[in-house]
Amino acid sequence: MDEQKAITVDSIAGNALLSEDLLLLIEGCRKKDRRSQKALYDRFAPMLYSRIRRYVTEQSEVNELLNETFFKILTHLDSYSFSGAFEGWMHRIAMNTITDFLRRHIKHKQRIVADTEDIHSTVPENVLAGIGYKELLLLIHGLPEVHRGVFNLFVFDNCSHKEIAEHLGITEANSRWHLNDARRRLKEKLDALR
């Protein structure tokens, strides 16, 4: 590591966004300390796992993406500027890894453009109140892969159709269609639960 790139805990102690133990952990990881790397993984893997799991159904692919995300985190720690939340920085790496994965899989899917008028379907609150996170995740996982990716990016990660199109290599019209069809399918499944 270059002398100029070396960052010590003392040099960034004024960063109120990071706790001292996290600063020490990051510094240990930058020095390639295996125990620090494992501690970082143990601390943040559950958070990143749940994010990846929303997008991917196959356990082997979830594990692969989680490992790929942590590999990128550990090999790019020098690019973390300590100017924002570390969790946010890791989230961006995870999202880039997820969208790269989705784009590779979408490339082989047929791109459909249909009616792109937004569907504004409402689901009664009593149906939503009776469903837990795991049940909702199962319903979302029941969506086709592209629908699931677009739905998650739009609903949970607040991406616009333009951003989704750029992330996944599809058109904005395709993004709207996939979102609307995903909403329709989820509404049908939720209506069946009543």
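## Exercises on helix packing and salt bridges

Helix α1 is mostly covered, with eight of its 11 residues buried (under 20% relative accessible area; exposed is over 50%, partly exposed in between, with a 1.4 Å probe and protein chains only). Helices here are DSSP runs of H or I with at least four residues, and they are numbered from the N terminus. This is a predicted model: local features need pLDDT of at least 70, side-chain atom pairs count only at pLDDT 80 or more, and totals for chains, interfaces and linings use all residues. Residues are numbered from 1 along each chain as its sequence is written, and side-chain values use heavy atoms, with hydrogens and water left out.

### Exercise 1. The cover of α1

Task: State which residues of α1 are buried, and what they pack against.

Solution.
- Step 1. The buried residues are L22, L23, L25, I26, E27, G28, C29 and R30.
- Step 2. Look for their partners, where contact means heavy atoms within 4.5 Å. The buried residues of α1 pack against α2, α3 and α4.
- Step 3. Check what follows the helix. Just after α1, K32 takes a positive phi of about 65 degrees.

### Exercise 2. α3 against α4

Task: Describe the angle, the handedness and the residues of the contact between α3 and α4.

Solution.
- Step 1. Take the axes, which are lines fitted to C-alpha atoms, for helices over the stretch in contact; angles run from 0 to 180 degrees between N-to-C directions. The axes of α3 (residues 59-75) and α4 (residues 86-106) come within 9 Å and cross at roughly 135 degrees.
- Step 2. That makes α3 oblique to α4. The cut-offs are under 35 degrees for roughly parallel, over 145 for roughly antiparallel, 65 to 115 for roughly perpendicular, and oblique for the rest.
- Step 3. The crossing of α3 and α4 is right-handed. Right-handed means that the near helix is turned clockwise from the far one by less than a right angle; anticlockwise is left-handed.
- Step 4. α3 contributes E61, L65, E68, T69, K72 and I73 to the contact, and α4 contributes W89, M90, I93, A94, T97, D100, F101 and H105.
- Step 5. Sort the contact by class: seven nonpolar, three polar and four charged residues. Ala, Val, Leu, Ile, Met, Phe, Trp, Tyr, Cys and Pro count as nonpolar, Asp, Glu, Lys and Arg as charged, and the others, Gly among them, as polar.

### Exercise 3. α2 against α6

Task: Repeat the analysis for α2 and α6.

Solution.
- Step 1. The axes of α2 and α6 (residues 133-141) lie 8 Å apart, and the helices pack at an angle of about 40 degrees.
- Step 2. That makes α2 oblique to α6.
- Step 3. From α2 come S50, R53 and R54, which meet Y133, L137, I140 and H141 of α6.
- Step 4. This contact of α2 with α6 divides into three nonpolar, two polar and two charged residues.

### Exercise 4. Salt bridges

Task: State how many salt bridges the whole structure holds, then place D78–R30, K38–D42 and D181–R185.

Solution.
- Step 1. The search finds 13 salt bridges (a side-chain nitrogen of Lys or Arg within 4 Å of a carboxyl oxygen of Asp or Glu).
- Step 2. D78 and R30 meet at 3.2 Å, N to O. D78 is in the loop between α3 and α4 and R30 is in α1 (residues 20-30), so the pair ties together parts 48 residues apart in sequence. D78 is partly exposed at 41% relative accessibility, whereas R30 is buried at 5%.
- Step 3. K38 and D42 meet at 2.7 Å, N to O. They sit four residues apart in α2 (residues 34-55), about one helical turn. K38 is exposed at 52%; D42 is partly exposed at 43%.
- Step 4. D181 and R185 meet at 2.9 Å, N to O. Both lie in α9 (residues 172-193), four residues apart, about one turn of the helix. D181 is buried at 9%, and R185 is partly exposed at 31%.
- Step 5. Salt bridges that share partners join E68, K72, D100 and R103 into one network.

### Exercise 5. Two buried residues

Task: List the contacts of Y55 and S175, leaving aside neighbours within four places in sequence.

Solution.
- Step 1. Y55 lies in α2 and is buried, with a relative accessible area of 0%.
- Step 2. Y55 is in contact with M95, I98, L102, R148, G149, N152, L153 and D157.
- Step 3. Y55 and T99 are 44 residues apart in sequence and 9.3 Å apart in space, C-alpha to C-alpha.
- Step 4. S175 lies in α9 and is buried, with a relative accessible area of 0%.
- Step 5. S175 is in contact with V150, H161, I164 and I170.

Methods. Helix = DSSP H or I, 4+ residues; strand = E, 2+ residues; numbered from the N terminus.
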